[in-house]
Amino acid sequence: MDHLPLLVGSGDIARALGLTRQAIDHRLRVDPAAPSPAAVVNRTATWGGTRIWWREEIDRWLRLEPEHWEVH
């Protein structure tokens, strides 16, 4: 059974790649091949919320293998 997350945030992607969340956020915004977010969660009147993506789409975009998502 797959215990890896189905949805990931930019922090999850950053940890998997050993990069900063800011670097991942930037790449997701400027790369035309980057997938669109699956949803935006925790949105409030004063904050735009947190974007999340389907892990499978991020895997395809970055050509990641499942071992990148090891749960520690």
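Which residues does Arg 51 touch, if we do not count residues up to four places away in sequence? I would like to start from that residue and work outwards, keeping in mind throughout that what we have in front of us is a predicted model. Leaving out those sequence neighbours, Arg 51 touches Val 8, Gly 9 and Ser 10, then Asp 25, Leu 28 and Arg 29, and finally Pro 37, Ala 39 and Val 40.

Before going further with that residue, let me place it in the fold. The protein has 3 helices and 3 strands, and, read from the N terminus, these elements follow one another as β-α-α-β-β-α. Arg 51 belongs to strand E3, which covers residues 50-54. Its relative accessibility is 18%, and because the cut-off for buried is under 20%, Arg 51 counts as buried.

Now to its charged surroundings. The side chain of Arg 51 is joined to that of Asp 25 by a polar contact of 3.3 Å, and Arg 51, Asp 25 and Arg 21 are linked together in a network of salt bridges. Within that network, the side chains of Asp 25 and Arg 21 meet at 2.5 Å, N to O. These two residues both lie in helix H2, which runs over residues 21-30, and they are 4 residues apart, about one turn of the helix. As for their exposure, Asp 25 is buried, at a relative accessible area of 14%, whereas Arg 21, at 39% relative accessibility, is partly exposed.

The search of the whole structure finds 6 salt bridges, and I will mention two others. One of them is formed by Asp 31 with Arg 27, where the closest N and O atoms are 3.9 Å apart; since partly exposed covers the range between the buried limit of 20% and the exposed limit of 50%, Asp 31 falls in that class at 22% relative accessibility, and Arg 27 falls there too at 39%. The other is formed by the side chains of Glu 56 and Arg 60, at 3.3 Å, N to O. Glu 56 and Arg 60 lie in helix H3, residues 55-62, and because they are 4 residues apart there, about one helical turn separates them. Here both partners, Glu 56 and Arg 60, are exposed.

Let me turn from the charges to the nonpolar interior. How many residues make up the largest nonpolar core? There are 11 in all, among them Val 8, Ile 13, Ala 14, Ile 24, Leu 28, Trp 53, Trp 61 and Leu 64. Helices H1, H2 and H3 are the elements that give two or more residues to this core, and H3 gives the most, with 3 residues. Looking at one member in detail, Ile 24 is in contact with Ser 10, Ile 13, Ala 14, Leu 17 and Leu 19, once its neighbours within four places in sequence are left aside.

Helix H1, residues 10-17, deserves a few words of its own. Its buried residues are Ser 10, Gly 11, Ile 13, Ala 14 and Ala 16, and the buried residues of H1 pack against E1, H2, E3 and H3. Leu 17 also lies in this helix, but with a relative accessible area of 28% it is partly exposed. The C-alpha atoms of Leu 17 and Leu 64 are separated by 9.1 Å, although the two residues are 47 residues apart along the chain. After H1 comes Gly 18, which has a positive phi, near 70 degrees.

On the outside, I would point to the nonpolar surface patch of about 310 Å² that Leu 6, Leu 7 and Trp 54 make. Of these, Leu 7 lies in strand E1, residues 7-9, and is partly exposed, at 34% relative accessible area.

To finish, here are some totals for the whole protein. Of its 72 residues, 33% are buried. The protein exposes about 5200 Å², with carbon and sulfur atoms supplying 54% of that area. Among contacts with a separation of 6 or more, 52% are between residues 24 or more positions apart.

Technical notes. Residues numbered from 1 in each chain as written. Predicted model: local features only at pLDDT ≥ 70, side-chain atom pairs only at ≥ 80, totals over all residues. Heavy atoms only, no water. Salt bridge = Lys/Arg side-chain N within 4 Å of Asp/Glu carboxyl O. Buried < 20%, exposed > 50% of the residue type's maximum accessible area, 1.4 Å probe, protein only. Patch = residues over 30% accessible without salt bridge, like charges linked within 9 Å, V, L, I, M, F, W, Y side chains within 5 Å. Areas by Shrake-Rupley, 256 points an atom, 1.4 Å probe, with all protein chains shown as cover. Contact = heavy atoms within 4.5 Å. Core = buried A, V, L, I, M, F, W, Y, C linked by side-chain atoms within 4.5 Å. Polar contact = N/O pair within 3.5 Å; in protein donor to acceptor, adjacent residues only side chain to side chain.
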